[in-house]
Amino acid sequence: MIELRPLAPTQVRWQVAQDAQQVAIAVARTTLDAATRAIVRRGVFRVVLAGGRTPQAAYAILAQESAQWSAWQIYFGDERCLPPEHSDRNSRMAWQTWLAKVAFPRPNVHEIPAELGPEKAAQLYAECVRPVLPFDLVLLGMGTDGHTASLFPGRPHGVGTLVEA
């Protein structure tokens, strides 16, 4: 069984952006700042990426930056159950938009094996992420229909259930 523990209280600070490009800039800046803090503190930065157009724009900005990429560990918050080379995969978008452009170490990218189907992929990915929790930063996008992390409004998605590896 997976134990869920409450996080320590945090202060919430809202930022207002004029448009999607400003959101992407803020996400890229926040990601770089979080990476710097984590690397100084522990020598590693663990981040969960999102898919979608606005995250993609943030990744394009990150591709123009310099960072200690070898200390970054990349995970994904969701993925489509398609072959790894499929153009609709979030992991492929991240590679094409950012990771391949900065010579990111491939072993530091932990892709969801979604081509195996949702149940098997979830089981294997739980085994992958469990030893590295908690993450330093989790990016969640929101689609125009209100979905996030492939959870769509009005559709059943197993709320209250956990996948156990």
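## The segment before α1

Q15 lies in the segment before α1, a helix that spans residues 20-42. In this predicted model, Q15 has a relative accessibility of 54% and therefore counts as exposed, the cut-off being over 50%. Eleven residues further along the chain is A26, and the C-alpha atoms of Q15 and A26 are separated by 8.8 Å.

V16 is also placed in the segment before α1. With a relative accessible area of 78%, V16 is exposed. V16 and A26 are ten residues apart in sequence, and their C-alpha atoms are 9.8 Å apart in space.

## Overall organisation and confidence

The chain contains four helices and three strands. Read from the N terminus, the order of these elements is α-β-α-β-α-α-β. Of the 165 residues in the chain, 35% are buried. Among contacts with a separation of 6 or more, 72% are between residues 24 or more positions apart. The exposed area of the chain is about 10700 Å², and carbon and sulfur atoms supply 55% of this area.

The average pLDDT of the chain is 86, and 79% of the residues score at least 70. Residues 159-165 have a pLDDT below 50, and this stretch makes ten contacts in the model beyond near neighbours in sequence. Where pLDDT is low, the predicted coordinates should not be read in detail.

## The sheet

The three strands form an open sheet with parallel pairing, in the order β2-β1-β3. The edge strands are β2 and β3 (residues 137-138), each of which pairs on one side only. Strands of a sheet pair through backbone hydrogen bonds, either parallel or antiparallel.

Five bridges, in the parallel sense, pair β1 with β2. F45 has W72 as its bridge partner in β2. On the β3 side, two bridges join β1 to a strand that runs parallel to it. Here V47 has L137 of β3 as its bridge partner.

How is β1 placed with respect to the rest of the structure? Five of its five residues are buried, so β1 is largely enclosed by the rest of the structure. F45, V47 and L49 point one way from the strand, while R46 and V48 point the other way; all are buried. In a regular strand the side chains alternate between the two faces of the sheet.

## Helix α1 and the loop that follows

T31 is found in helix α1. Its relative accessibility is 2%, so T31 counts as buried, for which the cut-off is under 20%. Apart from neighbours within four places in sequence, T31 is in contact with F45, L62, W72, L137 and L139. Two of these contacts, F45 and W72, are also bridge partners.

G43 is found in the loop between α1 and β1. At 44% relative accessibility, G43 counts as partly exposed. When residues up to four places away in sequence are not counted, G43 touches A38 and A71. G43 and W72 are 29 residues apart in sequence, with a C-alpha to C-alpha distance of 9.0 Å.

## Helix α3

Is helix α3 largely enclosed by the rest of the structure or largely open? Six of the eight residues of α3, which spans residues 90-97, are buried, so the helix is largely enclosed. These buried residues are N90, S91, M93, A94, W95 and T97.

The cover over the buried residues of α3 includes β1 (residues 45-49), α2 (residues 53-62) and β2 (residues 72-76). W95, one of the buried residues of α3, also has the charged end of R106 over its ring, 4.1 Å from the ring centre.

## Aromatic residues

How many aromatic pairs does a search of the whole structure find? The search finds eight. One aromatic cluster is formed by F45, Y59, W69, W72, W98 and F104.

Two members of this cluster recur in the descriptions above. F45 and W72 are bridge partners, and both are in contact with T31 of helix α1.

How values were computed:
Residues are numbered from 1 along each chain as its sequence is written. This is a predicted model: local features need pLDDT of at least 70, side-chain atom pairs count only at pLDDT 80 or more; totals for chains, interfaces and linings use all residues. Side-chain values use heavy atoms; hydrogens and water are left out. Buried means under 20% relative accessible area, exposed over 50%, partly exposed in between (1.4 Å probe, protein chains only). Contact means heavy atoms within 4.5 Å. pLDDT is the predictor's confidence in each residue, from 0 to 100. Accessible areas come from the Shrake-Rupley method with a 1.4 Å probe; for residues, only the protein chains shown count as cover. Two strands pair if DSSP finds at least two bridges between them. Rings of Phe, Tyr and Trp (its six-membered ring) pair if their centres lie within 6.5 Å; planes under 30 degrees apart count as stacked, over 60 as edge-to-face and the rest as tilted. A charge sits over a ring if NZ of Lys or CZ of Arg is within 6 Å of the ring centre and within 35 degrees of the ring normal.
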